[in-house]
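Biologist: I am new to this structure and would like a close look at a single part of it. Could you take me slowly through one helix and the residues that it meets?

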Amino acid sequence: MQETISKAESKMKKSLTALDDEFKTIRTGRASAALFDQVRVEAYGTPTPLNQVATVSVPEARLVVIQPWDKGLLSDIEKAIQKSELSVNPSNDGKVIRIAIPPLTEDRRKEFVKVAKNMAEQSRVAVRNIRREANEALKKKQKSSEITEDEEKKGSDEIQKLTDKYINEINSLLEEKEKEIMEI
């Protein structure tokens, strides 16, 4: 029974971590190196994550500086950023790429909040699916007499507590992200 519960908790934790990582890719008014985690650069014939071909730094609140390790990749990096869905305009001075992060319009902020809410809902659904799988596993164990009916009931109560805990954590992550997006 404990094994089923700990597996469920581990999966729920992964779901929360995945949501946190997804939230980092949503643009806010502030500059962040994590914004560029999803950008892939065509380097040496292979799509490569940007952070593996360049240093991404944030010297100011609204500025990102990307310094490629190989100067020959400057234009490829610039193209990759322009193709990305970040809606930013890179400027290249021959050594580094500077990206000024413009403040978001009210409409754009609301759009990003919707995206964040959608991501959070997908995570909540994932957590509920994990709960369902764990409860089914407990029922199977009870039917095959591996655990008693009382243990099955106790196990599903524990799983429900875990579910509530992780759904609350998802909600608080979403709240934080909403504040971050809506601040000017």
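Modeller: What follows is a walk along helix α3 and its partners, in a model that is predicted.

Helix α3 spans residues 106-143, and Ser123 is found in it. Ser123 counts as buried because its relative accessibility is 6%, and buried here means under 20%. Leaving aside residues up to four places away in sequence, Ser123 touches Ser15, Leu19 and Ile170. Ile170 belongs to a stretch that you can find in the structure as helix α4, which covers residues 149-182.

Beside Ser123 in the sequence comes a charged pair, and in general side chains of opposite charge can pair when their charged atoms come close. Arg124 forms a salt bridge with Glu121, in which the closest N and O atoms are 2.6 Å apart. Because the two residues are three apart in helix α3, Arg124 and Glu121 are separated by about one helical turn. Their surroundings can be compared through their accessibility: Arg124, at 12%, counts as buried, whereas Glu121 is partly exposed, with a relative accessible area of 33%. The pair also belongs to a wider arrangement, since salt bridges that share partners join Glu121, Arg124 and Arg128 into one network.

Further along the helix, Glu133 reaches to another part of the chain, for its side chain meets that of Lys11 in a salt bridge with an N to O distance of 3.5 Å. This pair links distant parts of the chain, as Lys11 lies in helix α1 (residues 2-24) and Glu133 in helix α3, with their positions 122 residues apart in sequence. Both ends of the bridge are partly exposed, Lys11 with a relative accessible area of 41% and Glu133 with 38%. These bridges are among the eleven salt bridges that a search of the whole structure finds.

Helix α3 also has a part in the largest pocket, whose volume is about 320 Å³. Of the 15 residues that line this pocket, the closest to its centre are Thr25, Gln38, Ser84, Glu85 and Leu86. The largest share of the lining, four residues, comes from α3. By character, the lining residues divide into eight nonpolar, three polar and four charged.

Taken together, helix α3 holds the buried Ser123, takes part in a salt bridge to helix α1 through Glu133, and gives four residues to the lining of the largest pocket.

Notes
Residues are numbered from 1 along each chain as its sequence is written. This is a predicted model: local features need pLDDT of at least 70, side-chain atom pairs count only at pLDDT 80 or more; totals for chains, interfaces and linings use all residues. Side-chain values use heavy atoms; hydrogens and water are left out. Buried means under 20% relative accessible area, exposed over 50%, partly exposed in between (1.4 Å probe, protein chains only). Contact means heavy atoms within 4.5 Å. On a 1 Å grid over the protein atoms alone, a cavity is a set of points where a 1.4 Å probe fits but cannot get out, and a pocket is an open set with protein on both sides within 12 Å along at least five of seven lines; lining residues have an atom within 4 Å of a point. Grid points are joined across faces, edges and corners, and a volume is the space filled by probe spheres set on the points. Ala, Val, Leu, Ile, Met, Phe, Trp, Tyr, Cys and Pro count as nonpolar, Asp, Glu, Lys and Arg as charged, and the others, Gly among them, as polar. A salt bridge is a side-chain nitrogen of Lys or Arg within 4 Å of a carboxyl oxygen of Asp or Glu.
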